[in-house]
Amino acid sequence: MHQIQIYDDKYQLPERWDELSNKDMAYLVKLTQNDVSIEQVKIYMLLYCLKAHVSRHRKVYGDQVRISVGKESENVSFRVRRKKYLLTPEEVCSLAHLFHFLVERENQRYGIAPQYYIKPDRFVNPYPTLRIRMQKFIGPDDGLYDITFEQFIYMQTYRDAMRQDPQKINHLLACLWHRGKTFDINRLDKDAALLRHLPDTQKIVMYWFITGCLINLGDQFPRVFSGKEGSIRNNVFDSQLRLLDTLANSDMTKKDAVRKGNLMDALYSMDESVRKHDELEERLHNKCGC
C-alpha cells in the first residue's frame, strides 16, 4: 500500500490491483461505464479510497480545493474523525497519479495522441465462493492455478463468443465458478442460468479477475501465449482441440486425462514443445544460411 501524508495526517492508498477491495472494484466498474476520462477516473478513485469529497468552492479558497476526509463508522452511517484540507489542483492530480497502475498506454500511432485504457492486472480471486439462490458456487484459486485444462478450453471459447454475444459472460463465469467440488461440463448451462442473476457490476469484477490472470499467465509463458490478454495463438475452439490432441500425442485414450489434468501442467508441456520447435527451426535456418 502507498502511504501518503496530507499535512500531518497519514493515509494509505492501494498501489496495485490486488489491494483494491471488492467495493473499490465495483466503484471503478461504475466509473468505466460512464463517459469519464482516464484522468477523472484516477481522481474519483483517489477520493473514493480516501473516503473523501470535495467541498463547494468559495472565493476565499482561491485556487485551492477543499477536501474533507472522514472514516465511516462501522455501526452507523456517518463519518467520524473528519479532517479538512486545502490542496491545490496540482497536489490533487499528483496524488491521483498514484492510481496510474489502473491503466496502460496503447501503442501510439504516428500523428495520433496517446490513448489509455483500463488494464485489470488482478491476480487475487475477489469471490472464492458465491451463494446464488441457496446454491453454493466454488471459484478458482488465485491466478487460476488450480483449474483444469478442460476449464481453460471452454473459458477461452466463451471469451471469444462474448464478442458476438455479451451474454455469454454467464457461460464464461460458469467455466470457473461451479457447483460441486469439481467442474462438470454437463452442469455448465444450469450453472450459467444461475450466474445470470448476479449483478452486472459483480460479473465485470469477476471478468476483470479472469483477464488479469490471463495477462499473468501470458507473462509466465510468452512462447505459448500471444501476449494479448492471455490469448493463445489463433485462439478458437478448433485450436483448443488441436492443443488437446497435441498434448495427448494424438492418443484418444489419453485425451480425457489431459482434459482433467491441471492447466499449469499443460502450459509447461506446451511451452517446452514450442521451445523445442523454435530451436529446431533456428537450427535449420542457420544450417541453410537463409
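Strands S8 (residues 129-132) and S9 (residues 135-138) pair up in the antiparallel sense, with 4 bridges between them. Pairing here requires at least two DSSP bridges between the strands, and the elements themselves are DSSP runs, numbered from the N terminus, with helices (H or I) of at least four residues and strands (E) of at least two. The model is a predicted one, in which local features need pLDDT of at least 70 and side-chain atom pairs count only at pLDDT 80 or more, while totals for chains, interfaces and linings use all residues. Residues are numbered from 1 along each chain as its sequence is written, and side-chain values use heavy atoms, with hydrogens and water left out.

Within this S8-S9 pair, Ile132 sits opposite Gln135 of S9, and Arg131 has Lys136 of S9 as its bridge partner. The two strands make a hairpin with 2 residues between them, and Arg133 in the turn takes a positive phi of about 50 degrees. In a regular strand, side chains alternate between the two faces of the sheet. S8 has a covered face made of Leu130 and Ile132, and an uncovered one made of Thr129 and Arg131. Leu130 also turns up in the surroundings of Gln202: leaving out residues up to four places away in sequence, Gln202 touches Tyr127 and Leu130, where contact means heavy atoms within 4.5 Å. Gln202 belongs to helix H7 and, with a relative accessibility of 16%, counts as buried. Buried stands for under 20% relative accessible area, exposed for over 50% and partly exposed for what lies in between (1.4 Å probe, protein chains only).

Another hairpin is built from S1 (residues 2-6) and S2, which run antiparallel and are joined by 5 bridges. Gln5 stands opposite Lys10 of S2. There are 2 residues between S1 and S2, and one residue of the turn, Tyr7, has a positive phi of about 60 degrees, although Tyr7 is not a glycine. With 49% relative accessibility, Tyr7 counts as partly exposed. Tyr7 also belongs to an aromatic cluster, together with Tyr11 and Tyr85. A positive phi outside glycine is seen at Leu144 too, with a value near 65 degrees. Leu144 lies in the loop between S9 and H4 and, at 0% relative accessibility, counts as buried.

On the aromatic side, the structure holds 9 pairs. A pair of aromatic rings is described by the distance of the centres and the angle of the planes. Rings of Phe, Tyr and Trp (for Trp, the six-membered ring) pair if their centres lie within 6.5 Å, and planes under 30 degrees apart count as stacked, over 60 as edge-to-face and the rest as tilted. Trp17 and Trp208 make an edge-to-face pair, because their ring centres are 5.7 Å apart and their planes stand at 85 degrees. This pair links distant parts of the chain, 191 residues apart: Trp17 comes from the loop between S2 (9-13) and H1 (22-32), and Trp208 from H7 (residues 200-220). Both Trp17 and Trp208 are buried. Phe149 and Phe152, on the other hand, are stacked, because their planes are at 25 degrees, with the ring centres 6.3 Å apart. Both of these Phe residues lie in H4 (residues 149-161), 3 residues apart, or about one turn of the helix. Phe149 and Phe152 are both buried.

As for helix packing, H2 (residues 38-50) meets H3 (residues 89-96) at an angle of about 85 degrees, and the axes are 8 Å apart. Axes are lines fitted to C-alpha atoms, for helices over the stretch in contact, with angles running from 0 to 180 degrees between N-to-C directions. H2 and H3 are therefore roughly perpendicular to each other; angles under 35 degrees count as roughly parallel, over 145 as roughly antiparallel, 65 to 115 as roughly perpendicular and the rest as oblique. Lys42, Ile43 and Leu46 make the contact from H2, and Val92, Cys93, Leu95 and Ala96 make it from H3. By class, this contact has 6 nonpolar, no polar and 1 charged residues, with Ala, Val, Leu, Ile, Met, Phe, Trp, Tyr, Cys and Pro counted as nonpolar, Asp, Glu, Lys and Arg as charged, and the others, Gly among them, as polar.

Tyr48 also lies in H2 and, at 31% relative accessibility, counts as partly exposed. Apart from neighbours within four places in sequence, Tyr48 is in contact with Lys23, Asp24 and Tyr27. Tyr48 and Val69 are 21 residues apart in sequence, and their C-alpha atoms are 9.8 Å apart in space.
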